[in-house]
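Visitor: I am new to this structure and would like a close look at a single part of it. Please take your time, and connect that part to its surroundings.

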Amino acid sequence: MNIVVIGAGAAGLTAAAKLAKSGHQVSVFDHNAKPGGVLMGWQKDGFRWDLGQLLLEGMGPGEPIGDVLTDLGIIEQIKTLKDDRRYVFPDFSITKPGTYAGQNWRMKVLKSIFPLDADGLDRYWKDYMRFTKLMTIARKIGKSSGINGFWLKLRLLAALFPFLSRQKWNANQLMESYFPSEKLRSVFTSILADFFTPPSQFLGLGVFALNPEPSFDSRMEKYLPNQGEQIFHYSLPGGTTHLVDALVNCIEQHGGKIHLSSDVDGIQIIDGKVSSVHLSSGETIPANLVLASGGAKETFLKLIGEEFLTHEFIQQVKDLPLMDSVFMVHLGLDFDPTPYTGGVCTYYYGTYDIEGGIIENQKHIYHQGRLGFVTHAPSYRSDEMAPAGKNGFTIYTICPNQLADGDWESQKEFFADQLIQYAEKHIPELSRHILLREIITPLDFCRITHTEKHAFGGLSPIMTKGGIPHKTPIQGLWFIGQQSDGGGGVGNVMAHAHQTAVKIDLDTRGM
Ligand SMILES: Cc1cc2nc3c(=O)[nH]c(=O)nc-3n(C[C@H](O)[C@H](O)[C@H](O)COP(=O)(O)OP(=O)(O)OC[C@H]3O[C@@H](n4cnc5c(N)ncnc54)[C@H](O)[C@@H]3O)c2cc1C
């Protein structure tokens, strides 16, 4: 069984590792000279920064990605550190207390800022605990069978009950049911800006999943009083390249091959079934199965061609709700900015109007940092990310792929200056401490991801729309990665790629 995997990003590497470990002959082809897709990292003059992640959810043992890494036998090779993020809004910030103050410290802080919303915060907290328990049961069902599985399903039904009347609400409706204050509502939905998803189009109950409390304070206990199990966020000391290296080693140790600087420019179909892939070098690689990651439009409309697909499927690919891009500035600094940022990763918001900001972006208007930006300090957790005595620092913000006015290349230096100026409002004299800077525009991200339109985290989680299913209508062709049904984020793509590989392995054994 020859299995070809297109793309050596988080999705392609995870699926290839599982399939190679299960004894299949696997060849991975990737456009870039380095593996990892957006996890490949970035470096210059002794500084190293991450490119496609800040904090990763669920990397610990017994957590979703930890389970994948355990199954692949590589969990010991990847250093992880529980970590948290800080939020700064125009007139207040949410900073974890110096001394740990219990699981609901954030509710207490918010009550002190929004006393009129105290009752709503209590109700939110109660529902957060219920929702976390619901998710805990759902995860356990995925790992169990027989009478235990049956019992868990009954418990799931009971846990679902309090949410039934709200299951179709959008995020605005859910937030309005708790909080009169518009500012407080956006505390819980602001991260949707990163998903390019207006709160009015995001599934309300998903708000609890957007706000796992340990992601604001990594000292938190795992179990809630109702036994709901919380999942943590992690920094990867040494950067994402350690994760990439571990996956690559796993593939190669089990006989898989990774071909870099290799573009797949066609997937051949014979009698409705994949037969081979074609490389831009002219080579044809026979394949019984193909797992494609990367862009959906690029895969289905270009590598395959509309003549092999139904009208409905083509429409689904064309209508796929994709995120837009990011504009990123990596800095090498001669001082430590974290006393001002308050930690490894800080989200700064310049507005409470999340919906309005996303709509502005849809009109191709770039806010230049005015509406918000994120900072990440890779060397805060890891000395190896910067030369001795120096610090790496990243500032990025969401942006449209194409600008209403002008182009990215000619304006990138100006945009970098603007972003640094906005950051300087929080980090005094930042610009005086810059030793070097690397600018990454949406055009660079298109090149790295080998897509015509960069979608930062892949599929936008719009409540009425789904992604492309992993099992495609073409026999032998599977679609994985951040534009597939599983959606984006390192954790999601790894978990879904792993599940897809498990399914393929089981199917082929039954053949
Ligand atoms: C700035 C930024 C910050 C992020 N922050 C976080 C975060 O904090 N937490 C989190 O969980 N996620 C985060 N993400 C999202 C996460 O990194 C991605 O969802 C995930 O890594 C995508 O993996 P992938 O394998 O689907 O795609 P990619 O990483 O894009 O990999 C696909 C690979 O396939 C290759 N390819 C495509 N087509 C072809 C072809 N025809 N021939 C050969 N090669 C091809 C591409 O070149 C690429 O190398 C962030 C992303 C970005 C950009």
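Which residue takes a positive phi just after helix 10?

Guide: The residue is glycine 305, whose phi is about 110° and which comes just after helix 10. The model is a predicted one, in which local features need pLDDT of at least 70 and side-chain atom pairs count only at pLDDT 80 or more, while totals for chains, interfaces and linings use all residues. Residues are numbered from 1 along each chain as its sequence is written.

Helix 10 itself runs over residues 296-304, and it belongs to a protein chain with 16 helices and 20 strands (DSSP runs of H or I with at least four residues, and of E with at least two, numbered from the N terminus). Its buried residues are Ala296, Glu298, Thr299, Phe300, Leu303 and Ile304, where buried means that 20 or more other C-beta atoms, placed from the backbone, lie within 10 Å of the residue's own, exposed means 12 or fewer, and partly exposed lies in between. These buried residues of helix 10 pack against strand 11 (264-270) and strand 14 (289-292), and they also pack against helix 11 (311-318) and strand 20 (477-479); contact here means C-beta atoms, placed from the backbone, within 7 Å.

Following strand 20 onward leads to serine 484, which is found in the loop between strand 20 and helix 16. Serine 484 counts as buried because it has 29 C-beta neighbours inside 10 Å. Leaving aside neighbours within four places in sequence, serine 484 is in contact with Gly467, Ile468, His470, Phe479 and His496. Glycine 458 is 26 residues from serine 484 in sequence, and their C-alpha atoms are 8.1 Å apart in space.

The wider setting can be described through the nonpolar core and the ligand. The largest nonpolar core has 135 residues, and those touching the most other members are Val5, Leu13, Ala15, Ala16, Ile251, Val290 and Leu291 (a core joins buried Ala, Val, Leu, Ile, Met, Phe, Trp, Tyr and Cys residues through C-beta atoms within 7 Å). Helix 1 provides the largest share of this core, with 8 residues. In soluble globular proteins, nonpolar side chains tend to be buried together. Taking one of these core residues as an example, alanine 15 touches Val5, Leu291, Ile480, Ala497, Thr500 and Ala501 when residues up to four places away in sequence are not counted.

As for the ligand, 38 residues surround it, and the closest are Gly7, Gly9, Gly37, Gly294 and Gly481, a residue being near if its C-beta atom, placed from the backbone, lies within 6 Å. Helix 1 (10-21), strand 15 (325-333) and helix 16 (490-510) are the elements that give two or more residues to this shell. The shell divides into 17 nonpolar, 19 polar and 2 charged residues, with Ala, Val, Leu, Ile, Met, Phe, Trp, Tyr, Cys and Pro counted as nonpolar, Asp, Glu, Lys and Arg as charged, and the others, Gly among them, as polar.

The assigned domains, whose bounds come from an automatic or database assignment, are domain 1 (2-35 + 66-71 + 240-320 + 465-510), domain 2 (81-235) and domain 3 (325-449). Domain 1 and domain 3 each give at least three residues to the shell around the ligand. Domain 2 and domain 3 have centres separated by 27 Å, taken over C-alpha atoms, and their contact takes 23 residues from domain 2 and 20 residues from domain 3. On the side of domain 2 that touches domain 3, the elements giving two or more residues are strand 6 (81-83), strand 7 (85-89) and helix 7 (182-189). Strand 7 gives the most to that side, with 5 residues, and the residues of that side of domain 2 divide into 10 nonpolar, 6 polar and 7 charged.

Two further positive phi values may be set beside that of glycine 305, and each occurs in a residue other than glycine. Glutamine 227, with a phi near 75°, is found in the loop between helix 8 (206-210) and strand 9 (233-235), and it is exposed, with 11 other C-beta atoms within 10 Å. Glutamine 368, with a phi near 65°, is found in the loop between helix 13 (354-362) and strand 17 (372-376), and it is partly exposed, with 18 other C-beta atoms within 10 Å.

Technical notes:
Contact = placed C-beta atoms within 7 Å.
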